[in-house]
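The following note sets out numbered points for a colleague's reading of the model. Each point concerns one region or one feature.

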Amino acid sequence: MAFSVSASPAPVHSSSPSSSFEQPRAAQFGAFQPLDRSHLSPSSVKLSRRRCAAVKPLHAEAKRSDSIVPSAATVVAPEVVEKAEVEEDFEKLAVELQNASPLEIMDKALEKFGNDIAIAFSGAEDVALIEYAHLTGRPYRVFSLDTGRLNPETYRLFDEVEKKYGIRIEYMFPDAEEVQALVRSKGLFSFYEDGHQECCRVRKVRPLRRALKGLRAWITGQRKDQSPGTRSEVPIVQVDPVFEGLDGGVGSLVKWNPVANVKGNDVWNFLRTMDVPVNSLHAQGYISIGCEPCTRPVLPGQHEREGRWWWEDAKAKECGLHKGNIKEENNTVQDNGTAPVTDLFTSENVVSLSQQGVENLLKLENRQEAWLVVLYAPWCQYCQAMEGSYVELAEALAGSGVKVAKFRADGEEKAFAQEKLQLGTFPTIVFFPKRSLRPIKYPSENRDVASLTAFVNALQ
């Protein structure tokens, strides 16, 4: 697959490897200094990067001999030099780069893989990756997945980025026949009914697979703080656990995540400081941006990924591009088996309910007090995002005749919560009025104190 090659700061028109590049723009800003590459020594990795075997050409003439065997039957076989394998330990490299800046990580990635690596650009805040690549002064390539259902604002950003950096983004498109078959059989919005995975597989995953088959490494904008249960352990660099690269087979592709350890706010500080063009949807409340039907603005008290596939469970907020990051749910410990999951909504004003306690609430026809209950999972970052507002609400309602409680509804309790408490996704908030058996589900996703207070007051 052909990708256009760009160098910073001007586009490269020559394919010669000796092309010269200007110094990176970093020197113009006090916050960024020219890279000192002396400490970024090459390291080895558990991925095998195989070089092609060197085969010497066949002799033009048969080798003659004085033996009785006719010379025409004596041809020297080609001499084959055995393949040389360079083992690189990317786990070790990830540890070495743990405290490196995104600029240093980007420089290391481009230095190591040269023309065999490309940046995956979605049209959101991952535009920071292009700016970092530009600042290294090295040639770089960029590709993007055009699903056919992106926002107009995203297409405009693509054009602006191409003009600013003097590059041509290599767009990958879904197979027209596959899209046609999906839409004709299930309609334009089937993902609202049976989940987004099938549509994403056709429009995003398969085109990505084709793109990566032409590379040995790729660069993504994944951050650990982006998505609950899926990206909390994203390494700086890894052997891609899902996709194959140019050489084919397991271990043939390396995945770089230069901003894995960077907080979202810090990414935005960088974009503003460097005057990088951004998607105009961000100014309208969009944080995580994907296809138009599956993206919406984030509301107060919500985590950034809640604007994506909002009708699905919090742990399913991946389209398949980073499938290797999805972890199995663990109700008591972290995936590394060491640190317990920290509980949420810990306050003297928040009552912790067991399943038996909830069952008792459901049986009472005349309660002495109304109850507001959040159904949560401590690993869910959407629940974590609303913890402060919920605790503040509990303090405000103390002594008001409304009890504020929490019920951990993941694991073995999940089926019960779905059947009896209308659990859809985490978090779900339900209200038990004084004189009603049936709990009332909070319909809004505004989880700020004012909105929750208005809900309670309306039902008392």
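1. The buried residues of helix 9 pack against strand 10, strand 11, helix 12 (414–420) and strand 12 (428–432). In this predicted model, helix 9 spans residues 355–363, and its buried members are Gly357, Val358, Leu361 and Leu362. Viewed down the helix axis, these buried residues fall within an arc of 140°, so they line one face of helix 9. The general background is that an α-helix has 3.6 residues a turn, so residues three or four places apart point the same way.

2. The strands met by helix 9 lead to an open sheet of five strands, whose order is 9-11-10-12-13 and whose pairing is mixed. Its edges are formed by strand 9 (350–352) and strand 13 (440–441), each of which pairs on one side only. Helix 11 (residues 387–397) packs on this sheet and touches strand 9, strand 10 and strand 11. The direction of helix 11 makes about 150° with that of strand 11.

3. Within that sheet, strand 10 (residues 370–376) and strand 11 (residues 402–408) run parallel and are joined by seven bridges. Leu375 stands opposite Phe407 of strand 11.

4. Trp371 deserves separate inspection. This residue is found in strand 10. Is Trp371 buried or exposed? Its relative accessibility is 15%, and since the cut-off for burial is under 20%, Trp371 counts as buried. Leaving aside residues up to four places away in sequence, Trp371 touches Val351, Leu353, Leu361, Lys403, Ala405, Val430, Phe431 and Phe432. Leu361 is also one of the buried residues of helix 9. Trp371 and Val402 are separated by 31 residues in sequence, yet their C-alpha atoms are 5.5 Å apart in space.

5. Two backbone features occur in the loop between helix 12 and strand 12. Pro427 lies in this loop, and the peptide bond joining Phe426 and Pro427 is cis, with omega about -10°. Gln422 is found in the loop between helix 12 and strand 12 as well. The phi angle of Gln422 is near 65°, a positive value in a residue other than glycine. With 27% relative accessibility, Gln422 counts as partly exposed.

6. A further positive phi, near 55°, is found at Phe345, again a residue other than glycine. Phe345 is placed in the loop between helix 8 (264–273) and strand 9. How accessible is Phe345? Its relative accessibility is 0%, and Phe345 therefore counts as buried.

7. Another open sheet has six strands in the order 5-4-3-6-8-7, also with mixed pairing. Strand 5 (170–172) and strand 7 (237–239) are its edge strands, each pairing on one side only. On average, neighbouring strands of this sheet are turned by 30° against each other, with direction ignored. Helix 2 (residues 102–113) lies across strand 3, strand 6 and strand 8 (254–256), and runs at about 155° to strand 8.

8. Strand 3 (residues 117–120) may be examined on both of its sides. Ile117 and Ile119 point one way from strand 3, while Ala118 and Ala120 point the other way, and all are buried. In general, the side chains of a regular strand alternate between the two faces of the sheet. Strand 3 pairs with strand 6 (residues 217–219) in the parallel sense over three bridges, and the bridge partner of Ile117 in strand 6 is Ala217. Strand 3 also pairs in the parallel sense with strand 4 (residues 142–145), over two bridges. Here Ala120 stands opposite Phe143 in strand 4.

9. As for internal space, the structure holds four cavities of 30 Å³ or more. The second largest cavity contains about 120 Å³ of space. Which residues lie nearest the centre of this cavity? Of the 13 residues that line the second largest cavity, these are Cys199, Cys200, Cys291, Cys294 and Trp309. Helix 7 (residues 197–212) gives the most to this lining, with four residues.

10. Some totals place these points in context. The chain has 13 helices and 13 strands. Of its 460 residues, 48% count as buried. Among contacts in the chain with a separation of 6 or more, 74% are between residues 24 or more positions apart.

Conventions: Residues are numbered from 1 along each chain as its sequence is written. This is a predicted model: local features need pLDDT of at least 70, side-chain atom pairs count only at pLDDT 80 or more; totals for chains, interfaces and linings use all residues. Side-chain values use heavy atoms; hydrogens and water are left out. Two strands pair if DSSP finds at least two bridges between them. Contact means heavy atoms within 4.5 Å. Axes are lines fitted to C-alpha atoms, for helices over the stretch in contact, and angles run from 0 to 180 degrees between N-to-C directions. Buried means under 20% relative accessible area, exposed over 50%, partly exposed in between (1.4 Å probe, protein chains only). The arc is that of the directions from the helix axis to the C-beta atoms. On a 1 Å grid over the protein atoms alone, a cavity is a set of points where a 1.4 Å probe fits but cannot get out, and a pocket is an open set with protein on both sides within 12 Å along at least five of seven lines; lining residues have an atom within 4 Å of a point. Grid points are joined across faces, edges and corners, and a volume is the space filled by probe spheres set on the points.
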